[in-house]
Amino acid sequence: MPLQDFGAGSMRLGCIISENEDFTKATRAICRFSSPSQFSMDLTAKFLEDQDFVTNFLHKLHHCLLQSRLLAEDLLARKGISYSPYGDAGLFLWLDLSSHLPLHEINGDGWAAQRLLSRRFSEGSVIISTGEEYRAPNKGRFRLVFCVDPDTLKEGVERISRVLAN
């Protein structure tokens, strides 16, 4: 049965908090065309009213994300894979794979070399976003999402390492 049969098909809700009045005004202007369902709003309100739940949820989320990030950093360091140590609020790390770009195969075109390396990751069963997709200023950046279960993270870093070794 589809999720709509359970009333969960439209279970989506996002919040925007901004001090930018122009942005807030523009957002309000388009909100009436994309309102969440009443079910989503009621359920979210019930969750947010339960301060114990919110406090415990956020504490557990912070703890899990920190453990995942520390594991990712450890795994990458063990494999000698460079990453940016900056940032402490995201769900991903920027890998610096510029030294692994196959520039000699692409006549020195760094962005084309990044796309070629990305294809090799796909062939090695690794799905990883390129910096080019996120308008990274430097070639060779890849976005490693670390908020997955530990076994998946370990396998992912192992596959990345195998692709880089070939």
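Here are four short exercises, each with a worked solution, on a predicted model.

**Exercise 1: the sheet**

Work out the strand order of the sheet, and find which strands stand at its edges.

*Solution.* Start with the order: the open sheet has 3 strands arranged E1-E3-E2, and their pairing is antiparallel. Next, look at the partners. E1 and strand E2 (129-130) each have a single partner strand, so they stand at the edges and one side of each is left without a neighbour in the sheet. Finally, add the helix: H4 (residues 110-123) packs on the sheet and touches E2 and E3. The direction of H4 makes about 35 degrees with that of E3.

**Exercise 2: following strand E1**

Sort the side chains of strand E1 (residues 92-96) by the face they point to, then find how E1 is joined to E3.

*Solution.* A helpful rule comes first: in a regular strand, side chains alternate between the two faces of the sheet. Now apply it. Leu93 and Leu95 point to one face and are buried. Phe92, Trp94 and Asp96 point to the other face and are not buried. For the pairing, E1 and strand E3 (residues 141-145) run antiparallel and are joined by 5 bridges. Within this pair, Leu95 stands opposite Phe142 of E3.

**Exercise 3: a residue in E2**

Decide whether Thr130 is buried or exposed, and list its contacts beyond four places in sequence.

*Solution.* Place the residue first: Thr130 belongs to strand E2. Its relative accessible area is 4%, and the cut-off for buried is under 20%, so Thr130 is buried. Leaving aside neighbours within four places in sequence, Thr130 is in contact with Gln114, Ser118, Arg141 and Phe142.

**Exercise 4: two packed helices**

Describe how helix H3 (residues 51-79) packs with helix H5 (residues 150-165).

*Solution.* Take the geometry first: the angle is about 25 degrees, and the axes are 10 Å apart. Angles under 35 degrees count as roughly parallel, so H3 is roughly parallel to H5. The crossing of H3 past H5 is right-handed. Then collect the residues: H3 contributes Ser68, Leu71, Ala72, Leu75, Leu76 and Lys79, while H5 contributes Pro150, Leu153, Lys154, Val157, Glu158 and Ser161. Sorted by type, the contact holds 7 nonpolar, 2 polar and 3 charged residues.

Terms used: Residues are numbered from 1 along each chain as its sequence is written. This is a predicted model: local features need pLDDT of at least 70, side-chain atom pairs count only at pLDDT 80 or more; totals for chains, interfaces and linings use all residues. Side-chain values use heavy atoms; hydrogens and water are left out. Buried means under 20% relative accessible area, exposed over 50%, partly exposed in between (1.4 Å probe, protein chains only). Helices (H or I, at least four residues) and strands (E, at least two) are DSSP runs, numbered from the N terminus. Two strands pair if DSSP finds at least two bridges between them. Axes are lines fitted to C-alpha atoms, for helices over the stretch in contact, and angles run from 0 to 180 degrees between N-to-C directions. Angles under 35 degrees count as roughly parallel, over 145 as roughly antiparallel, 65 to 115 as roughly perpendicular and the rest as oblique. A crossing is left-handed if the near helix is turned anticlockwise from the far one by less than a right angle, and right-handed if clockwise. Contact means heavy atoms within 4.5 Å. Ala, Val, Leu, Ile, Met, Phe, Trp, Tyr, Cys and Pro count as nonpolar, Asp, Glu, Lys and Arg as charged, and the others, Gly among them, as polar.
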